[in-house]
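Colleague: Could you walk me through one part of this model up close? Pick a helix and tell me what is around it.

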Amino acid sequence: MTTPEAAREVPRQNRPPQGQYHQLHGLGPTARPAKVRLRTLLRVASVACGIQFGWALQLSLLTPYVQELGIPHKFASIIWLCGPLSGLFVQPLAGHYSDRCTSRFGRRRPFILVGAASIVVAVLIIGFAADIGRLLGDRGESKMRAVVVFVIGFWVLDVANNMTQGPCRALLADLTGKDHRRTRVANAYFSLMMAIGNILGYATGAYSNWYKIFPFTVTSACAVNCANLKAAFIIDIIFIIATTFISLSAAHEQPLTSLDSSGEERPGSSEHETFLWELFGTLKYLPGTVWVILLVTALTWIGWFPFLLFDTDWMGREIYGGEPNDGKNYSRGVRMGSFGLMLNSLVLGITSVLLEKLCRKWGAGFTWGLSNILLALLFVGMLIITAIKSSMDLGSRLPPDGIVIASVLAFTFLGVPLAITYSVPYAMVSARIESLGLGQGLSMGVLNLAIVIPQV
């Protein structure tokens with residue numbers, strides 16, 4: 001049942017009848033948790049740090065690694081297609097079932113734990129893909145088996161990431177309840193932890209001598225660059241285990257009861273309708289403001305996805321003029337791109353800390369709009385930098401310092417709109433979905449549709 005204040009936020013004709021959603025979908029009443037301390041929210045959000053550490057390695061090193069395995073550049077984006085595809089189905093599905101999970105450990109924590117364990121398995125598969133491929137029969141320049149192993153691990157990693165992030169954001173929304181300010185703070189904490197994970201991940205990716213610290217990573221099937229990636233993923237495994245423990249030990253969820261107020265057991269929604277029908281069925285209850293948020297989110301991610309996919313590759317090819325497995329220019333460009341992304345994450349973290357003050361002063365919607373204008377200007381700047389560099393006849397020489405500095409600065413300042421993209425839309429949707437009485441896990445899945453559909 002919504003409060004009078006919450007009801008005023010949503011037009012009556014757009015709200016489901018009182019209690020109808022919960023009756024249709026088998027959501028019994030849950031005990032409203034007491035006000036949670038901010039430091040507890042910070043600890044719960046810490047799992048995002050471990051997840052994003054692996055994402056940073058994935059974004060900075062895997063596209064070059066894919067091409068070192070012999071996969072053509074034009075097919076790299078097809079492999080990356082797994083991310084939006086798994087996000088389209090896995091994250092809404094995880095949110096759907098976490099809304100209904102009756103485990104004594106809580107609704108969200110079992111999904112976070114299984115997702116984190118799956119990330120560890122996937123990272124091991126990716127890091128040791130070349131070695132596994134050799135055991136399966138790869139010889140010489142042919143690495144087809146390693147490619148197959150890598151693709152399997154990569155897809156498992158994307159599925160696991162989506163399985164973990166949705167329930168984690170939903171858990172934060174559960175803990176903050178209808179306190180919209182604390183919801184914004186919790187999402188800012190999540191964004192901050194993502195920034196810290198990015199900084200550590202990109203710093204790890206920019207360092208080229210991890211194989212010396214972990215000498216066992218160099219094998220006959222895995223040369224220096226491959227061994228460096230493998231060693232970085234070993235560090236990631238340690239990190240994800242630590243942050244998952246911190247997060248799960250901090251959250252004390254109230255288990256979902258399967259009994260309604262009259263004491264009669266209520267059947268689950270799986271007995272009446274399929275998951276996708278339920279997911280898309282909730283769309284008819286969304287007010288116009290939520291549809292605007294979803295539309296802006298979709299348009300924003302059309303711009304973000306190519307950058308996140310080819311950022312270090314752009315630096316290696318367009319700025320440094322290199323090609324994978326051809327000279328040192330490409331590797332230098334990838335490392336410089338990782339350095340730029342580390343600075344990007346530093347700005348992302350600072351922006352996340354200041355975000356609540358900005359939203360209170362200017363409003364969440366206005367702040368988000370300004371960030372999207374800045375995003376567009378920086379992308380135009382990158383096009384100009386590329387055009388200037390292409391007009392130079394440098395041969396195999398390194399690019400001028402001015403071009404490199406301008407490129408790194410573009411990467412750096414993109415941290416401002418990225419921090420807002422990671423935080424504000426989630427807080428805005430969470431506040432409006434709460435007033436409708438829909439589950440937070442499912443609401444995160446609805447927003448995720450606006451993110452992944454444009455990527456596909």
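Modeller: Sure, let's take helix α14, which covers residues 288-319. Keep in mind that this is a predicted model. With its 32 residues, α14 reaches 43 Å from the first C-alpha to the last, close to the 46 Å expected at 1.5 Å a residue. It isn't straight all the way, though: at Phe310, α14 bends by about 65°. After the helix comes Gly321, with a positive phi near 65°.

Now for a residue elsewhere in the chain, Thr421, which sits in helix α18 (residues 415-434). Is Thr421 buried or exposed? Its relative accessibility is 3%, so Thr421 counts as buried, the cut-off being under 20%. Leaving aside residues up to four places away in sequence, Thr421 touches Thr300, Trp301, Trp304 and Tyr426. Thr300, Trp301 and Trp304 fall within the 288-319 stretch of α14, and that's where our two helices meet through Thr421. The Thr421 side chain also has a polar atom 2.8 Å from the backbone oxygen of Pro417.

Stepping back to the whole chain, you have 19 helices and 0 strands. Of the 456 residues, 57% count as buried, Thr421 being one of the buried ones. Among contacts with a separation of 6 or more, 81% join residues 24 or more positions apart. As for the surface, the chain exposes about 19,600 Å², and carbon and sulfur atoms supply 66% of that.

Technical notes. Residues numbered from 1 in each chain as written. Predicted model: local features only at pLDDT ≥ 70, side-chain atom pairs only at ≥ 80, totals over all residues. Heavy atoms only, no water. Helix = DSSP H or I, 4+ residues; strand = E, 2+ residues; numbered from the N terminus. Buried < 20%, exposed > 50% of the residue type's maximum accessible area, 1.4 Å probe, protein only. Contact = heavy atoms within 4.5 Å. Areas by Shrake-Rupley, 256 points an atom, 1.4 Å probe, with all protein chains shown as cover. Expected span 1.5 Å × (residues − 1). Bend = angle between axes of the 7 residues up to and from the residue. Polar contact = N/O pair within 3.5 Å; in protein donor to acceptor, adjacent residues only side chain to side chain.
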